[in-house]
Amino acid sequence: MAKTPVVKNQELEVEIEDLTYQGMGVAKIDGYPLFIEDTLPGEKALVHVLKTEKQYGFAKLKKLEQTSPDRVLAVDHTYTQTGIAPLQHLAYPAQLKFKQHQIQELFKKQGLHIPVRPTLGMDNPTGYRNKAQIPVRQINGQATTGFFKRRSHELVPLEDFYIQDPKIDAAVIVVRDLLRKYHLTGYDEQANSGLVRHIMVRRGYYSKDMMIVLVVTSWAVPHQDDIVAGIQAALPEVSSIMLNLNDKRTNVILGKKTRLLAGHSYLTDQLLGNTFHISPLSFYQVNPLQTEVLYSQAIEAAGLTGKETVIDAYSGIGTISLAMAKHAKQVYGVEIVPEAVGDARDNAKLNGITNVTFTVGKAEDAMQQWQQEELPVDVLMVDPPRKGLAKEFIAAVGVLLPPKLVYVSCNPATLARDIKALEAFGYHAAQTQPVDMFPQTTSIESVTALTR
């Protein structure tokens, strides 16, 4: 086995040089990187080596000998332990710089020379999440809510989630207390027993409506009517109460079947002046204020004048498509999830928007079809999942060759890789604009316009 310059259980003094994309400090011993949680660049620390691999190791902070001017007092160590807020010890202006720097570094690795603008942040970078999916486990004989310790199945009981809308946190406690009152059991992962797996809450930022979904292992819920009445009495803003059945041994949160217990089967909210019906399984961005910033940046990057034909690949329930329809001649949305396309069509009707068409299918197949039909495409809008654009999709871009492509990214590593691949078709970017959609965490969203 190759010898590493440090060994397990060794204690040493180190200087932190950098932060990883997961928010861990990096110290180097003879070029060998050690990753250390809760440390920041410029800090000197006494650390205890926990584990050594061939290329890198992990250490634990024992004592800070010298602190960074960017360090702030952590609100609660639990938020680091559970991964809810891994950057809570880093001052917010420094978090914004960290995100800009991460994109710059990933571009540099790909040999891309694209200026990265300063990250657009929030006035209040806490309490922003409009959706919670909170695990319920049986602890000390009662249903308990909280969050899992990172890289484990151990639940840490929590009542205040820091980055969630405080009204959602309060609603979770109301539901948890009703589960306790009527002796409903929390889920036991190992035995695959217990009734309630998760409490999901969504809240409309503008509408103030709330949706509560109990994720259960069986439709037979004791005291179901009492629980519904209890929620309605304590939380009059709840407009939707549902049950979702998930009886599989899985770490996927929601099952495929949902039943309405009270109110509507959807939540209503607004985004950039459009009204949306959001069903329990729909993807809807979790930071409403920053979503408006992100989408406005994307529309601006597209340079729409009202004459363009736009394709929105990965169109979901139509949030970007309908926002862009107001500024374009025609928008074509394509999405692989049939339910999302159904929602998108309903949302277009709801807003009286007629210059948008939604199609079910793979984006690359739809693009090949549109190319054969000689559809004149001016702008291609992409907002892919974390894994980025599929190779087949990039090949389809090479066939369709839209003059402009606007890339909304939630993962700078796949963004850099995809821009590099698109360069082969003559695309280049003038700049990238990061938007902080997830303050206190290491997630990074951005908008990049590419032209031929």
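Between residues 5 and 63 the chain is 0% helix and 59% strand, and the C-alpha atoms at the two ends of this stretch lie 21 Å apart. These are the residues where UniProt, in an unreviewed entry, places the feature "domain: TRAM". Keep in mind as we go that this is a predicted model.

Let's begin with a barrel. Five strands close into it in the order S1-S2-S3-S5-S4, and their pairing is mixed. On average, neighbouring strands of this sheet are turned by 50° against each other, with direction ignored. As a general reminder, strands of a sheet pair through backbone hydrogen bonds, either parallel or antiparallel. To follow one pairing by eye, find strand S1, residues 11–19, and strand S2, residues 25–29: they pair in the antiparallel sense over three bridges. A handy landmark here is Ile16, which stands opposite Ala27 in S2.

Now let's move along the chain to another antiparallel pair. Strand S13 covers residues 267–271 and is joined to S14 by five bridges. Across this pair, Thr268 has His277 in S14 as its bridge partner. The hairpin formed by S13 and S14 has two residues between the strands, and in it Leu272 takes a positive phi near 50°. Strand S14 itself, residues 274–278, shows two faces: Asn274, Phe276 and Ile278 make up the covered one, while Thr275 and His277 make up the uncovered one. His277, the partner of Thr268, therefore belongs to the uncovered face of S14.

Next come the charged side chains. Side chains of opposite charge can pair when their charged atoms come close. In this model the count comes to 16 salt bridges. One of them links Glu53 with Lys51, with the closest N and O atoms 3.6 Å apart. Are these two residues buried, partly exposed or exposed? Glu53 counts as partly exposed at 30% relative accessibility, and Lys51 is partly exposed too, with a relative accessible area of 44%.

A second salt bridge joins Lys63 to Glu65, and here the closest N and O atoms are 4.0 Å apart. Lys63 is partly exposed, with a relative accessible area of 48%, and Glu65 is partly exposed at 38%.

A third example sits in a helix. Glu105 forms a salt bridge with Lys108, the closest N and O atoms being 3.2 Å apart. How are the two placed along helix H2? They are three residues apart in this helix, which spans residues 92–109, so about one helical turn separates them. Glu105 is partly exposed, with a relative accessible area of 31%, whereas Lys108 is exposed, with 58%. Elsewhere, salt bridges that share partners join Glu37, Arg150 and Arg151 into one network.

Finally, take a look at a nonpolar part of the surface. Which residues form a nonpolar patch there? Tyr205, Tyr206 and Leu289 do, and together they have about 250 Å² of accessible area. Tyr206 lies in the loop between strand S9, residues 196–203, and strand S10, residues 210–216. With a relative accessible area of 37%, Tyr206 is partly exposed. A nonpolar residue needs over 30% relative accessible area to join such a patch, so Tyr206 at 37% clears that cut-off.

Key:
Residues numbered from 1 in each chain as written. Predicted model: local features only at pLDDT ≥ 70, side-chain atom pairs only at ≥ 80, totals over all residues. Heavy atoms only, no water. Patch = residues over 30% accessible without salt bridge, like charges linked within 9 Å, V, L, I, M, F, W, Y side chains within 5 Å. Areas by Shrake-Rupley, 256 points an atom, 1.4 Å probe, with all protein chains shown as cover. Salt bridge = Lys/Arg side-chain N within 4 Å of Asp/Glu carboxyl O. Helix = DSSP H or I, 4+ residues; strand = E, 2+ residues; numbered from the N terminus. Buried < 20%, exposed > 50% of the residue type's maximum accessible area, 1.4 Å probe, protein only. Pairing = 2+ DSSP bridges. Axes fitted to C-alpha atoms, helices over the stretch in contact; angles between N-to-C directions. UniProt positions renumbered as here; feature names shortened; annotations may be inferred.
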